[in-house]
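Work through the exercises below with the sequence and the coordinates at hand. Each task is followed by a stepwise solution.

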Amino acid sequence: MESSAELIGKYMEYVSQERLLTANSLEAYKRDIDACFVFLYAAGITDWQKVQRYHLVKYIQHLKEQKRKPATIARTVVSLRSFFQYLAEQGFCTANPTAGIEAPKLSAAAPHLISIEQTAHLLSMPDLLSRHGLRDKAMLELLYATGIRVSELCDLDWKDVQLELGYIACTGSRGNVRIIPFGNEASIAVRLYKEHRNKMNEASQTIEETPVFVNHLGSRITRQGFWKILKLYAVKAGIENITPQTLRHSAAAHMLQGGADIYTVSELMGHADVAAVMKYIKPSNKRTMDIYANSHPRAKALE
């Protein structure tokens with residue numbers, strides 16, 4: 001009989017090949033499954049075939065008692081459901097014990113946004129005469145201009161950036177490619193940074209074959225590295241509670257405020273469902289009220 005570690009290893013190999021998941025998602029799946037196994041092992045359950053629904057219900061209750069966040073518990077349920085479905089399909093267990101176990105309902109919290117003025121102030125923070133100022137300026141401008149995820153920003157290669165045409169080819173977490181335009185400010189910042197990189201590049205490979213944004217060692221910058229840079233400039237700009245997601249969300253909100261339709265914004269952001277864009281729209285938005293007043297045939301009656 002195969003050990004739990006072997007079964008988990010086979011599952012991770014399967015899911016990495018069959019599903020287009022990011023490395024972070026794969027790591028999260030494995031952490032969730034490993035943690036559940038540790039709990040079950042301590043309870044005397046060492047064989048996955050002997051796992052019953054009540055064992056998993058007890059584990060979920062344990063997570064709640066540990067004050068784990070609803071989002072963490074919901075992800076754990078999804079991870080375990082997928083794992084046991086695989087075991088059942090492969091004949092490693094006779095039934096899926098996760099059947100009937102529901103994930104916690106998650107409330108859709110309004111995203112944290114910053115204003116257009118705050119964004120402009122933040123983007124003016126990098127010192128273009130400093131060692132990494134040109135890179136930091138280009139990163140911030142491109143992230144805000146396109147609204148891409150920070151992982152997508154870090155994954156960009158120079159071949160993905162078409163400066164002359166003003167767009168990037170961005171590969172999402174499921175392997176789909178989005179063509180996203182960017183404007184003049186981002187174009188200038190990226191162009192200056194590229195010129196600097198060309199001067200500094202001493203490698204035999206051409207710059208087109210390299211990552212766009214690199215750290216002081218010349219390696220591709222990480223999400224954590226970008227976050228540290230962003231927090232540094234946020235402190236200088238006097239902006240609190242900012243994350244890379246804040247810039248992404250704010251880019252979407254600002255486009256909607258500027259007149260973009262929700263379908264275009266949804267496509268640019270890489271959302272699978274247009275409903276995800278609705279969280280950026282405030283019911284009291286002045287533009288919304290103005291459009292209503294000017295377009296509804298009976299709006300005049302409110303005057």
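The exercises cover salt bridges, one helix, a cavity and a single residue.

The model is predicted, so local features need pLDDT of at least 70 and side-chain atom pairs count only at pLDDT 80 or more, while totals for chains, interfaces and linings use all residues. Residues are numbered from 1 along each chain as its sequence is written, and side-chain values use heavy atoms, with hydrogens and water left out.

**Exercise 1. Salt bridges**

Task: Find how many salt bridges the whole structure has, and describe the ones formed by Arg-135, Lys-137 and Lys-159.

Solution.

Step 1. Apply the criterion: a side-chain nitrogen of Lys or Arg within 4 Å of a carboxyl oxygen of Asp or Glu. Side chains of opposite charge can pair when their charged atoms come close. The search of the whole structure returns eight salt bridges.

Step 2. Arg-135 pairs with Asp-136 at 2.9 Å, N to O. For burial, the classes of relative accessible area are buried (under 20%), exposed (over 50%) and partly exposed in between, with a 1.4 Å probe and protein chains only. Asp-136 has 5% and is buried; Arg-135, with 9%, is buried.

Step 3. Lys-137 pairs with Glu-141, and the closest N and O atoms are 2.9 Å apart. Both Lys-137 and Glu-141 are buried. The two residues are four apart in helix H6 (residues 133-146), and therefore about one helical turn separates them. Helices here are DSSP runs (H or I, at least four residues), numbered from the N terminus.

Step 4. Lys-159 pairs with Asp-160, with 3.4 Å between the closest N and O atoms. Lys-159 is exposed at 53% relative accessible area, whereas Asp-160 is buried at 14%.

Step 5. A network of salt bridges links Arg-149, Glu-152 and Arg-178.

**Exercise 2. Helix H3**

Task: Compare the span of H3 with the expected span, then locate its buried residues.

Solution.

Step 1. The expected span is 1.5 Å times one less than the number of residues. For the 13 residues of H3 this gives 18 Å, and the end C-alpha atoms are 18 Å apart, which agrees.

Step 2. The buried residues of H3 are His-55, Leu-56, Tyr-59, Ile-60 and Leu-63. They lie on the same side of H3, because they cover an arc of only 140 degrees around the axis, taken from the directions from the helix axis to the C-beta atoms.

Step 3. Tyr-54, Lys-58 and Glu-65 are exposed, on the face of H3 turned away from its buried side.

**Exercise 3. The largest cavity**

Task: Give the volume of the largest cavity and characterise its lining.

Solution.

Step 1. A cavity is a set of points on a 1 Å grid over the protein atoms alone where a 1.4 Å probe fits but cannot get out; lining residues have an atom within 4 Å of a point. Grid points are joined across faces, edges and corners, and the volume is the space filled by probe spheres set on them.

Step 2. One cavity of 30 Å³ or more is present, and the largest has a volume of about 40 Å³.

Step 3. Its lining consists of Leu-56, Ile-60, Val-77, Leu-80, Arg-81, Thr-98 and Ile-101. Helix H3 (53-65) and helix H4 (70-89) each supply at least two lining residues, and H4 has the largest share, three residues.

**Exercise 4. Met-12**

Task: Is Met-12 buried or exposed?

Solution.

Step 1. Met-12 sits in helix H1 (residues 4-18). With 13% relative accessible area, Met-12 is buried.

Step 2. Met-12 and Leu-26 are 14 residues apart in sequence, and their C-alpha atoms are 7.4 Å apart.

How values were computed. 1 Å grid on protein atoms, 1.4 Å probe; cavity = no way out; pocket = protein on both sides within 12 Å on 5 of 7 lines; lining within 4 Å.
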